[in-house]
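Work through the exercises below with the sequence and the model open. Try each task before reading its solution.

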Amino acid sequence: MALHLPRRRTVLKVLHWVSFFLILYFFLVEPEENKADPGGALSTHAGVGLMLALVTLVWFVQFLRQGLASRPGPKLPGPARRIFVPLHKALQYGVVVMVASGALAGFLAPFAIRAFGAVQINLGIGSKTLHELAQDLHEILFDALIIVIVAHTLFHLWRHYWLRDNALRIITPKALHKYL
């Protein structure tokens, strides 16, 4: 009996949408803003960060082994064709750098952090100054990543609706194609 693995495109769709919703969580929920339970908010933030780290690891290893899965479509004009690869590579590397900066901020914390209240992710013996510096760096990198994500989204919406090249069908689950 042969083992049938999912096709690369199917795996990438899953990684894409899981990453999207995890990053959306980080955009919408800020641990410092939760006055009722800041420790619980940080614990959840660390847990979701750990999930994003695992998704990012799988996606980045696949990217390093096989390169970008997509290519510029034939309808793309010259300037859009030239930014296609750099934009997608900026996303691939940007997510990795942002996740790594979050891990660094967590490791440098002078207090113990438990992902989802269960998995301890650091020793809690870091420096407050280094932790704050790493946290500031992480927030700057996250903001930069959001800008790249917005540019990526606008690029593909432009492709789909202006050039009419069905760019959104490539990454959208088949069940949603009838709405595009």
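**Exercise 1. A salt bridge inside a helix**

Task: Place Lys128 and Glu132 in the fold, and state how many residues separate them.

Solution. The model is predicted. Start with the element. Helix H4 covers residues 128-163 and holds both Lys128 and Glu132. Next, the spacing. The two are four residues apart, about one turn of the helix. Then look at the side chains. Lys128 and Glu132 meet in a salt bridge, with 3.9 Å from N to O. The cut-off for a salt bridge is 4 Å, so this pair counts. Finish with accessibility. Lys128 has a relative accessible area of 56% and is exposed. Glu132 reaches 37% and counts as partly exposed.

**Exercise 2. The other salt bridge**

Task: How many salt bridges does the count give? Are Arg159 and Asp165 buried or exposed?

Solution. The count comes to two salt bridges. One of them joins Lys128 and Glu132. Now take Arg159. Its side chain meets that of Asp165 in a salt bridge at 2.9 Å, N to O. Arg159 is buried, and Asp165 is buried as well.

**Exercise 3. Overall layout**

Task: Give the order of the elements from the N terminus on, then describe the extent of the C-alpha trace.

Solution. Count the elements. The protein has five helices and two strands. Read them from the N terminus: α-α-α-β-β-α-α. Now the dimensions. The C-alpha trace spans about 55 × 50 × 30 Å along its principal axes. Turn to burial. Of the 180 residues, 33% are buried. Last, the contacts. Take those between residues at least 6 apart in sequence: 64% of them join residues at least 24 apart.

**Exercise 4. Packing of H1 on H2**

Task: Which orientation do H1 and H2 have to each other, and which residues meet?

Solution. Take the axes first. H1 (residues 8-28) and H2 come within 10 Å, and their axes cross at roughly 150°. Angles over 145 degrees count as roughly antiparallel. H1 and H2 are therefore roughly antiparallel to each other. For the hand, H1 passes H2 in a left-handed crossing. Now list residues. On the H1 side they include Leu12, Leu15, Val18, Leu22 and Phe26. On the H2 side they include Val48, Leu52, Val55, Val58 and Trp59. Sort the contact by class. It has 13 nonpolar, seven polar and one charged residues.

**Exercise 5. Packing of H2 on H3**

Task: Which orientation do H2 and H3 have to each other, and which residues make the contact?

Solution. Again begin with the axes. H2 (residues 38-66) and H3 (residues 78-107) come within 10 Å and cross at roughly 140°. H2 and H3 are therefore oblique to each other. H2 passes H3 in a left-handed crossing. From H2, the contact uses Leu52, Ala53, Thr56, Trp59, Phe60, Phe63 and Leu64. From H3, it uses Lys89, Gln92, Tyr93, Val95, Val96, Met98 and Val99. By class, these are eleven nonpolar, two polar and one charged. Check for shared residues. Leu52 and Trp59 of H2 appear here, and both also belong to the contact with H1.

**Exercise 6. Positive phi**

Task: Where do Phe116 and Asn166 lie, and what is the phi of Phe116 and of Asn166?

Solution. Recall the background. Most residues other than glycine have a negative phi. Now Phe116. Its phi is near 55°, a positive value. Phe116 sits in the loop between strand E1 (114-115) and strand E2 (119-120). At 47% relative accessible area, Phe116 is partly exposed. Then Asn166. Its phi is near 60°, also positive. Asn166 lies in the loop between H4 and helix H5 (167-171). Asn166 is partly exposed, at 37% relative accessibility.

**Exercise 7. Around Gln120**

Task: Which residues does Gln120 contact, leaving aside its neighbours within four places in sequence?

Solution. Locate Gln120 first. It is in strand E2. Its relative accessibility is 36%, so it counts as partly exposed. Its contacts, with those neighbours left aside, are Ala112, Ile113 and Arg114. Finally, gauge a distance. Gln120 and His177 are 57 residues apart along the chain, and their C-alpha atoms are separated by 42 Å.

How values were computed: Residues are numbered from 1 along each chain as its sequence is written. This is a predicted model: local features need pLDDT of at least 70, side-chain atom pairs count only at pLDDT 80 or more; totals for chains, interfaces and linings use all residues. Side-chain values use heavy atoms; hydrogens and water are left out. Axes are lines fitted to C-alpha atoms, for helices over the stretch in contact, and angles run from 0 to 180 degrees between N-to-C directions. Angles under 35 degrees count as roughly parallel, over 145 as roughly antiparallel, 65 to 115 as roughly perpendicular and the rest as oblique. A crossing is left-handed if the near helix is turned anticlockwise from the far one by less than a right angle, and right-handed if clockwise. Contact means heavy atoms within 4.5 Å. Ala, Val, Leu, Ile, Met, Phe, Trp, Tyr, Cys and Pro count as nonpolar, Asp, Glu, Lys and Arg as charged, and the others, Gly among them, as polar. Buried means under 20% relative accessible area, exposed over 50%, partly exposed in between (1.4 Å probe, protein chains only).
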